[in-house]
Amino acid sequence: MFKCNSEGHVQSFEFSGHALAGPYGQDIVCAAVSVLSIGTVNSLTEVANIQPQVQTDSAEGGYLCCRVNYAAITDHDQLIAVRTLMDSCYQISTSLAANYSDFIKIDLQN
């Protein structure tokens with residue numbers, strides 16, 4: 001699930017469950033979503049230099065939730081980087097869902 005702020009930028013994303021597109025350790029859909037979500041969190045930290053709010057629970061079905069507080073970002077370049085990373089996560093997710101619609105469902109809330 002993706003939630004947008006009042007300006008239409010992704011403010012948070014939440015992935016839960018398992019894709020079940022293949023055997024454990026060989027599920028390319030699960031691997032793609034894992035790389036995308038963890039990569040976005042790491043990029044927010046390392047590239048945009050912010051600390052997003054992150055919750056994870058691997059025991060309960062591969063859960064990861066990431067939220068950014070746009071109001072706390074005062075640097076313009078940093079804001080652009082965060083918007084780009086969060087919006088890109090959504091765009092890549094929709095591409096994955098288009099190609100693997102049996103395994104990925106996207107929900108966008110404004």
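Tyrosine 100 is found in the loop between α2 (76-99) and β5 (108-109), and that is where we'll start. Before going further, note that this is a predicted model, in which local features need pLDDT of at least 70 and side-chain atom pairs count only at pLDDT 80 or more, while totals for chains, interfaces and linings use all residues. Residues are numbered from 1 along each chain as its sequence is written, and side-chain values use heavy atoms, with hydrogens and water left out. The helices (H or I, at least four residues) and strands (E, at least two) are DSSP runs, numbered from the N terminus.

**Around tyrosine 100 and β5**

Is tyrosine 100 buried or exposed, or partly exposed? Its relative accessible area is 30%, so tyrosine 100 is partly exposed. Here buried means under 20% relative accessible area, exposed means over 50%, and partly exposed is in between (1.4 Å probe, protein chains only). Tyr100 also joins Ile28 and Phe103 in a nonpolar patch on the surface, and together they have about 270 Å² of accessible area. Patches are made of residues with over 30% relative accessible area and no salt bridge, where like charges are joined within 9 Å and nonpolar side chains (Val, Leu, Ile, Met, Phe, Trp, Tyr) within 5 Å. The areas come from the Shrake-Rupley method with a 1.4 Å probe, and for residues only the protein chains shown count as cover.

Move along to strand β5 and you meet leucine 108. With 36% relative accessibility, leucine 108 counts as partly exposed. Leaving out residues up to four places away in sequence, leucine 108 touches Phe2, Cys4 and Tyr90; contact means heavy atoms within 4.5 Å. Histidine 76 is 32 residues from leucine 108 in sequence, and their C-alpha atoms are 26 Å apart in space.

**Helix α1**

Now for α1, which has 19 residues. At 1.5 Å a residue, α1 should span 27 Å, and its end C-alpha atoms are 26 Å apart, which agrees. The expected span is 1.5 Å times one less than the number of residues.

Which residues of α1 are buried? They are Val29, Val33, Leu36, Ser37, Thr40, Val41 and Leu44. These cover an arc of only 115° around the axis, which puts them on the same side of α1. That arc is taken from the directions from the helix axis to the C-beta atoms. On the other side of α1, Ile28, Val35 and Glu46 are exposed. What do the buried residues of α1 pack against? Their partners are β2 (10-15), β3, β4 (63-67) and α2.

Two members of the buried set show this up close. Serine 37 counts as buried at 4% relative accessibility, and beyond its sequence neighbours up to four places away it touches Phe13, Phe15 and Leu64. Leucine 36 is buried too, with a relative accessible area of 10%. With residues up to four places away again not counted, leucine 36 touches Cys89, Ile92, Ser93 and Leu96.

**Helix α2 and the salt bridge**

The 24 residues of α2 should span 34 Å at 1.5 Å a residue, and the end C-alpha atoms are 35 Å apart, which agrees. Among the buried residues of α2 are Leu79, Arg83, Met86, Cys89 and Tyr90. The buried residues of this helix pack against β1, β2, α1, β4 and β5.

How many salt bridges does the structure hold? It holds one, counting a side-chain nitrogen of Lys or Arg within 4 Å of a carboxyl oxygen of Asp or Glu. The side chains of glutamate 7 and arginine 83 meet in it, at 2.7 Å, N to O. The pair links distant parts of the chain, 76 residues apart: glutamate 7 is in the loop between β1 (2-4) and β2, and arginine 83 is in helix α2.

**A few residues side by side**

| Residue | Relative accessible area | Class |
|---|---|---|
| Glutamate 7 | 52% | exposed |
| Glutamine 11 | 18% | buried |
| Asparagine 49 | 58% | exposed |
| Arginine 83 | 18% | buried |

Glutamine 11 sits in strand β2. Setting aside neighbours within four places in sequence, glutamine 11 has contacts that include Lys3, Cys4, Cys66, Tyr70 and Met86.

Asparagine 49 belongs to the loop between α1 and β3 (53-57). Its phi is near 60°, a positive value in a residue other than glycine.
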